[in-house]
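I opened this notebook to record what I looked up in one protein model. The entries go from the overall layout to single residues.

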Amino acid sequence: MHDTQVEDWLKLAGGKENIKLVEHDKGTTTLVLKDSTQLNMLVLASADVVADIRVTGEQCHLVIRDESSLIYNTLLGMDAWESTGTALQEEGHTKKNRFSILHFVSDVFRPLMPAILGAAVIKIIVAIIALMDTYSSADSSALMDSQTFTIFRIIGDSVFYVLPVL
């Protein structure tokens, strides 16, 4: 059964001469193809083959679920392509090294977002209570002078006061 699976994958990829690179990562084997037009989609319908096909620009990736890495080891044994993909990894690595002020600010504030959002919800509740008190017909300013309202206001403001320390 294992040999027939590998043959089906090679048929789907358009033959082993169409495979540029074989990678294995986290239970999946990825075949990077040279030409995406040589994909044989009839294999998907006829055989018991499940694949995730990703076409990005000029590259075509055929992702195979391979928990035990048997397919990966069999494909490496054929030795007709690269197994490490250093050129593709270096190309992708140079794109990630660019500095962007927007990414920097985003990465700095990402851990603080739950605290900021929680404080914002409390401030919205305080603002609704203050608005209801302003438009009420009776003189019910007892709610605005209560300790609960003051504590809510302090909790809502505390995150923004402590933000430079965080």
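The entries below follow the order in which I consulted the structure.

**Entry 1. Overall layout.** I note at the outset that this is a predicted model. I listed the secondary structure and found seven helices and four strands. Along the sequence, I read the order as α-β-β-α-β-β-α-α-α-α-α. I then looked up burial for the whole protein: of its 166 residues, 26% count as buried. The accessible surface is about 11,600 Å², and carbon and sulfur atoms hold 60% of that area. For contacts with a separation of 6 or more, I found that 63% join residues 24 or more positions apart.

**Entry 2. The largest nonpolar core.** I asked which residues touch the most other members of the largest nonpolar core. They are Ile19, Leu31, Leu33 and Leu75, in a core of 16 residues. I next looked up which elements give two or more residues to this core, and they are helix H1 (2-13), strand E1 (19-25), strand E2 (28-33), strand E4 (59-65) and helix H3 (70-78). H1 gives the most, with five residues.

**Entry 3. Leu31.** I selected Leu31 and left aside its neighbours within four places in sequence. The remaining contacts of Leu31 include Ala13, Ile19 and Leu75. Leu31 also touches Leu21 and Val22, as well as Cys60, His61, Leu62 and Ile64. One of these, Leu62, is the bridge partner of Leu31 in E4.

**Entry 4. Strand E4 and its partners.** I traced the pairing of E4 on both counts. E2 and E4 run antiparallel and are joined by six bridges. Strand E3 (residues 52-56) also pairs with E4 in the antiparallel sense, over five bridges. Within that second pairing I located Val55, which stands opposite Cys60 in E4. The hairpin of E3 and E4 has two residues between the strands, and Gly57 there takes a positive phi near 65°. I then checked the burial of E4: five of its seven residues are buried, so E4 is largely enclosed by the rest of the structure.

**Entry 5. Helix H3.** I asked which residues of H3 are buried, and I recorded Ile71, Tyr72 and Leu75. These residues cover an arc of only 100° around the axis, which puts them on the same side of H3. Leu75 is also among the core residues noted in Entry 2 as touching the most other members.

**Entry 6. Salt bridges.** How many salt bridges does a search of the whole structure find? I recorded two.

In one of them, Asp107 pairs with Arg110, with the closest N and O atoms 3.1 Å apart. I looked up the accessibility of each residue. Asp107 is partly exposed, at a relative accessible area of 47%, whereas Arg110 is exposed, at 52%.

In the other, the side chains of Asp157 and Lys123 meet at 2.4 Å, N to O. This pair links distant parts of the chain, with Asp157 in helix H7 (residues 147-162) and Lys123 in helix H6 (residues 113-135), 34 residues apart. Is Asp157 buried or exposed? Its relative accessibility is 18%, so Asp157 counts as buried, the cut-off for that class being under 20%. Lys123, at 35% relative accessibility, counts as partly exposed.

Terms used: Residues numbered from 1 in each chain as written. Predicted model: local features only at pLDDT ≥ 70, side-chain atom pairs only at ≥ 80, totals over all residues. Heavy atoms only, no water. Core = buried A, V, L, I, M, F, W, Y, C linked by side-chain atoms within 4.5 Å. Buried < 20%, exposed > 50% of the residue type's maximum accessible area, 1.4 Å probe, protein only. Contact = heavy atoms within 4.5 Å. Pairing = 2+ DSSP bridges. Arc of directions from axis to C-beta. Salt bridge = Lys/Arg side-chain N within 4 Å of Asp/Glu carboxyl O. Areas by Shrake-Rupley, 256 points an atom, 1.4 Å probe, with all protein chains shown as cover.
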